[in-house]
Amino acid sequence: MMSIKHVLLALLLLIPATAAHAVCHDTVVMVHGNTGSPSDFVNTYNLLRQNGWSDAQIVRPSWGNPYCAACNDHNGTEETPVRNAISSAIAGSCSGKIDVIAHSMGVTLAMREIDKLGVASKVDTFIGIAGAVHGLWSCGVYPYNVLTATCGSYGLSIGSPLLNSFAGHRYGTHMYSFKSWIDEINCYGGVCTVDGVHTSTIPGEDASFDYPYGHYQLLWYTANDQMALIQ
C-alpha cells in the first residue's frame, strides 16, 4: 500500500506531463477561398495538431456558395461566418490574440472582416496565401467589363471600391504573403502584377515568399512554413 508521501510524489511527477498538454497558443483562424472548404487546410490543421495546438485552438469557418464561384463576393452572407469566427476566436484565445491564415479569396475576405471589426491589434500574424489583394485581371478593371458579383464593387476587379478600401490598413502585427509567378488564377494571361507589384503582396507586409507552385499547391505544400511563422 502506497504512503501519502509516495502518492504526492507520483502526482508531482505527473505535473510536467499535464502542463505539456496545456500550452497556450494563439487561436488560429483558417479562411478558405472561393468555393473551397475548411478541409482545404487539412495539411496545416494536422501539422498544428501534431505540434501542440488543440482542436479548440483552430477555427475553420465555412463561407459562400460552394457551387457558384461567380455568385460569391465580400459583402453580406459571405461575411457572417468569417466575422463570427474571428470574433469567437479572439474571445476564446488563451493569449488574447489570434493568427489568421487565409487562402485565395479568403485572404481579402479575412482582411475585410478584420478591418470592419477593428481587431487588427488582436491579430498577431496574418498570412495571405495566393490572395488577389490588388485584384484579378480576369475580373477586368472596375467599373468596366465587371460581369459577376465576384468581380463587382465588393469583388476583385482591378481598382474595385473594396480593394481600394484596404489602402494603408493593417491586418495584424505581422503580415506575410505567399505567392507564385505561375499561379493559374492570379496570373491571368501570364500577368501576375498590378501597378508593378504581384497581386498577392500585402501593402506593409513584413515579408513575401515565392514558391514554384500553382494556386492550390501554395496552400497545401506550405504547411511547415505557415506553422513556422505563427510559432
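**Exercises on a predicted model**

In this predicted model, a network of salt bridges links E79, R83, R112, E113 and K116. The structure holds five salt bridges.

**Exercise 1.** Work out which carboxylates R83 pairs with, and where each partner lies.

*Solution.*
- Step 1. R83 meets E79 through their side chains, with N to O at 3.5 Å.
- Step 2. Both residues belong to helix 3 and are four residues apart, so about one helical turn separates them.
- Step 3. R83 also forms a salt bridge with E113, at 3.3 Å from N to O. This pair links distant parts of the chain, since E113 is in helix 4 and R83 in helix 3, 30 residues apart.
- Step 4. Burial is read from relative accessibility, where buried means under 20%. E79 at 3% is therefore buried, and E113 at 0% is buried as well. R83 has 24% and so counts as partly exposed.

**Exercise 2.** Describe the salt bridge between K179 and D210, and state how accessible each residue is.

*Solution.*
- Step 1. The closest N and O atoms of K179 and D210 are 2.5 Å apart.
- Step 2. K179 is in strand 7 (residues 174-179) and D210 in strand 10 (residues 207-210), so the salt bridge ties together parts 31 residues apart in sequence.
- Step 3. K179 is buried because its relative accessibility is 7%. D210 is partly exposed, with a value of 44%.

**Exercise 3.** Identify the elements that build the largest nonpolar core, and follow the contacts of V100.

*Solution.*
- Step 1. The core has 33 residues, and those touching the most other members are V29, I86, I98, V100, I114 and F126.
- Step 2. At least two core residues come from each of strand 1 (27-31), helix 3 (79-92), strand 3 (98-103), helix 4 (105-117), strand 4 (123-129), strand 5 and helix 5 (161-164). Helix 4 gives the most, with six residues.
- Step 3. Beyond its neighbours within four places in sequence, V100 is in contact with V29, A110, I114, V123, T125, F126 and I127.
- Step 4. Another core lies apart from this one; its 20 residues include Y45, I129, Y211 and L218.

**Exercise 4.** Characterise the largest pocket by volume, lining and main contributor.

*Solution.*
- Step 1. The volume is about 310 Å³. Of the 21 lining residues, N34, S104, L136, T150 and I185 are the closest to the centre.
- Step 2. The lining divides into twelve nonpolar, eight polar and one charged residue.
- Step 3. Strand 5 (residues 136-141) gives the most to the lining, with three residues.

Notes. Residues numbered from 1 in each chain as written. Predicted model: local features only at pLDDT ≥ 70, side-chain atom pairs only at ≥ 80, totals over all residues. Heavy atoms only, no water. 1 Å grid on protein atoms, 1.4 Å probe; cavity = no way out; pocket = protein on both sides within 12 Å on 5 of 7 lines; lining within 4 Å. Points joined across faces, edges and corners; volume = space filled by probe spheres on them. Nonpolar A, V, L, I, M, F, W, Y, C, P; charged D, E, K, R; others polar. Core = buried A, V, L, I, M, F, W, Y, C linked by side-chain atoms within 4.5 Å. Buried < 20%, exposed > 50% of the residue type's maximum accessible area, 1.4 Å probe, protein only. Contact = heavy atoms within 4.5 Å. Salt bridge = Lys/Arg side-chain N within 4 Å of Asp/Glu carboxyl O.
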